[in-house]
Structure formats: C-alpha cells, structure tokens
Amino acid sequence: MSTASLLRFCALPPLQTLSRSHGLPSSTIHTPLRLHSLPSIKHRSSRTVISMSYRATVPASDRLLAALSYSLPFLNSLHYGRFLFARFPAVGAALEPLLPLIGAYRSLPYASFVAFFALYLGVVRNPVFGRYVRFNAMQAVVLDVLLALPALLQRIFGVPARGLGFRLLEVSYNVIFMIAAGCFLYGLVSCVLGKTPYLPLMIGRHDFSF
C-alpha cells in the first residue's frame, strides 16, 4: 500500500455533542476547525523502484547467465547476415572465433526450438533464478520471436529470385542482422557491467513482473 493510504483522519464529534458539553445551543456553534493542508507526499513510481533495485550489485554468476541469454537470438540471426558477409568479408572474418560454436549449434536437430523453450521454461519461468537473470532472458526470448517473424513471412510469400524484390530482400536482411547484432552487443556489455539493458521494441519493459 502506498504511503498516502496510511494517513487517517479522526472524525470530528457532531455539533449536538459540542453544544451539550458547553451548554450552548446548536445554532450558536460555529465550525472554525479546518483541516490544515498537509505537505504533499511524493510516491515512488514503479519505474524508480525497478531501476533502484537493478542498480544494486549484481553477482557475477547472474551477469554471466544474463549475458549468455542473448546468444540465442544472435545465433538465430546469423542467416540474415549472409548478404552482408558476402559484401564485407571483414565482418564474416570477425565471427571466425565463433565458428566452432555456430557449427555445433547448427548440427544439432531442432537446436533452435529446444534452446528457445529451455530458456523460457528453464530460466524465465523459473523462480530459482534472480529477477535480473529472468528479465534479461525474457528480453532475449522476445527478440528471438521477433527474429522468427521475417522468416515466417518469407515462407508464406516466397523468396524473390531477382529484380527489385530481391534487392529489397537483401536490404531487409542486412538491416535485421545489424539490429540483432546491436541488441546482442548492447545486452552483452550491459550484463557484463552489471547494468540493466532495455532493448527497443520491448513492450512494457518498465512494468515487467512475474
């Protein structure tokens, strides 16, 4: 309950009681008593409480788990960078240290499907983990769902082979990958530093509750 709900005002006695106790008729009784204005009490918003709780020291284990959560949408976004890797080989070369991990992830059947539900059911909905870990895991899950939407639309409407449609496909792939890579780096660095990343396009990010 808020602080204002704790304030109680005592009810004043009726006018008849005052007149009887002082021997005066009720018509002569005036009511000079007035409630003095109380100083306004500012309430802490939910956003302030959340940010204050997140600014507390985050354990190293929670930082690591929160940072690893963002690897799921990043691995699932790599196929959107195929045109960017072909046009700029230096970008693909920067990911060479991750090739063993990417190869192992791609070699497992239904790896993306299993990793998605493992992250959501095993971390987001698991009260064993702290709120910092679960919040970042939920953002990673939402980002992964958003990354799956363009692939779903592509399966429905098909892939243009040439012309303007193919050019638009290439541009959209590049934009999607750069956004996903930016979210991954932002979430990774923020979690390593113990800060709370707020990714764009996350609905109700300040009112997130379990």
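**Exercise 1. Is Ser 69 buried or exposed, judged by its relative accessible area?**

Solution. The model is a predicted one.
- Step 1: locate the residue. Ser 69 sits in helix 3.
- Step 2: take its relative accessible area. For Ser 69 the value is 4%.
- Step 3: apply the cut-off. Buried means under 20%. Ser 69 is therefore buried.
- Step 4: list its contacts, leaving aside neighbours within four places in sequence. Ser 69 touches Leu 119, Asn 136, Ala 137 and Ala 140.
- Step 5: check those partners against helix 9. Asn 136, Ala 137 and Ala 140 are among the buried residues of helix 9.

**Exercise 2. Find the buried side of helix 3 and say what covers it.**

Solution.
- Step 1: collect the buried residues. Helix 3 spans residues 60–69, and its buried members are Asp 62, Ala 66, Ala 67 and Ser 69.
- Step 2: look down the axis. These residues fall on the same side of helix 3 because their arc covers only 150 degrees.
- Step 3: turn to the other face. Ala 60 and Leu 64 are exposed there, on the face turned away from the buried side.
- Step 4: name the cover. It includes helix 4 (71–76), helix 8 (111–124), helix 9 (131–157) and helix 10 (163–192).

**Exercise 3. Describe the overall fold in terms of helices, strands, burial and contacts.**

Solution.
- Step 1: count the elements. The protein has ten helices and zero strands.
- Step 2: read them along the sequence. The pattern is α-α-α-α-α-α-α-α-α-α.
- Step 3: assess burial. The protein has 210 residues, of which 29% count as buried.
- Step 4: assess contact range. Take the contacts with a separation of 6 or more; residues 24 or more positions apart account for 73% of them.

**Exercise 4. Compare the length of helix 9 with its expected span, then set the UniProt regions beside the model.**

Solution.
- Step 1: take the helix. Helix 9 has 27 residues.
- Step 2: compare spans. From first C-alpha to last it reaches 40 Å, close to the 39 Å expected at 1.5 Å a residue.
- Step 3: go just past its end. Gly 158 has a positive phi there, about 90 degrees.
- Step 4: bring in the record. An unreviewed UniProt entry places "transmembrane region" at residues 107–123, 135–153 and 173–193.
- Step 5: inspect residues 135–153. This span is 100% helix and 0% strand, with its end C-alpha atoms 28 Å apart.
- Step 6: inspect residues 173–193. Here the chain is 95% helix and 0% strand, and the end C-alpha atoms lie 30 Å apart.

**Exercise 5. Trace the salt-bridge network that contains Glu 170.**

Solution.
- Step 1: count. The structure has two salt bridges.
- Step 2: take the pair of Arg 87 and Glu 170. Their closest N and O atoms are 3.0 Å apart. This pair links distant parts of the chain: Arg 87 lies in helix 5 (residues 82–87) and Glu 170 in helix 10, 83 residues apart.
- Step 3: take the pair of Glu 170 and Arg 167. Their closest N and O atoms are 3.4 Å apart. Both residues lie in helix 10, three residues apart, about one turn of the helix.
- Step 4: join the pairs. Arg 87, Arg 167 and Glu 170 form a linked network.
- Step 5: classify burial. Glu 170 has a relative accessible area of 9%, so it is buried. Arg 167 has 44% relative accessibility and counts as partly exposed.

**Exercise 6. How are the rings of Phe 74 and Phe 184 arranged?**

Solution.
- Step 1: choose the descriptors. An aromatic pair is described by the distance of the ring centres and the angle of the planes.
- Step 2: set the context. The whole structure holds eight aromatic pairs.
- Step 3: read the geometry. Phe 74 and Phe 184 are 4.3 Å apart centre to centre, with 15 degrees between the planes.
- Step 4: classify. Planes under 30 degrees apart count as stacked. The pair of Phe 74 and Phe 184 is stacked.
- Step 5: place the pair. Phe 74 is in helix 4 and Phe 184 in helix 10, 110 residues apart.
- Step 6: check burial. Phe 74 is buried at 8% relative accessible area. Phe 184 is buried at 14%.
- Step 7: look for a cluster. Tyr 80, Phe 83, Phe 166 and Tyr 173 form one aromatic cluster.

Notes:
Residues numbered from 1 in each chain as written. Predicted model: local features only at pLDDT ≥ 70, side-chain atom pairs only at ≥ 80, totals over all residues. Heavy atoms only, no water. UniProt positions renumbered as here; feature names shortened; annotations may be inferred. Helix = DSSP H or I, 4+ residues; strand = E, 2+ residues; numbered from the N terminus. Buried < 20%, exposed > 50% of the residue type's maximum accessible area, 1.4 Å probe, protein only. Arc of directions from axis to C-beta. Contact = heavy atoms within 4.5 Å. Expected span 1.5 Å × (residues − 1). Salt bridge = Lys/Arg side-chain N within 4 Å of Asp/Glu carboxyl O. Phe/Tyr/Trp six-rings, centres within 6.5 Å; stacked < 30°, edge-to-face > 60°.
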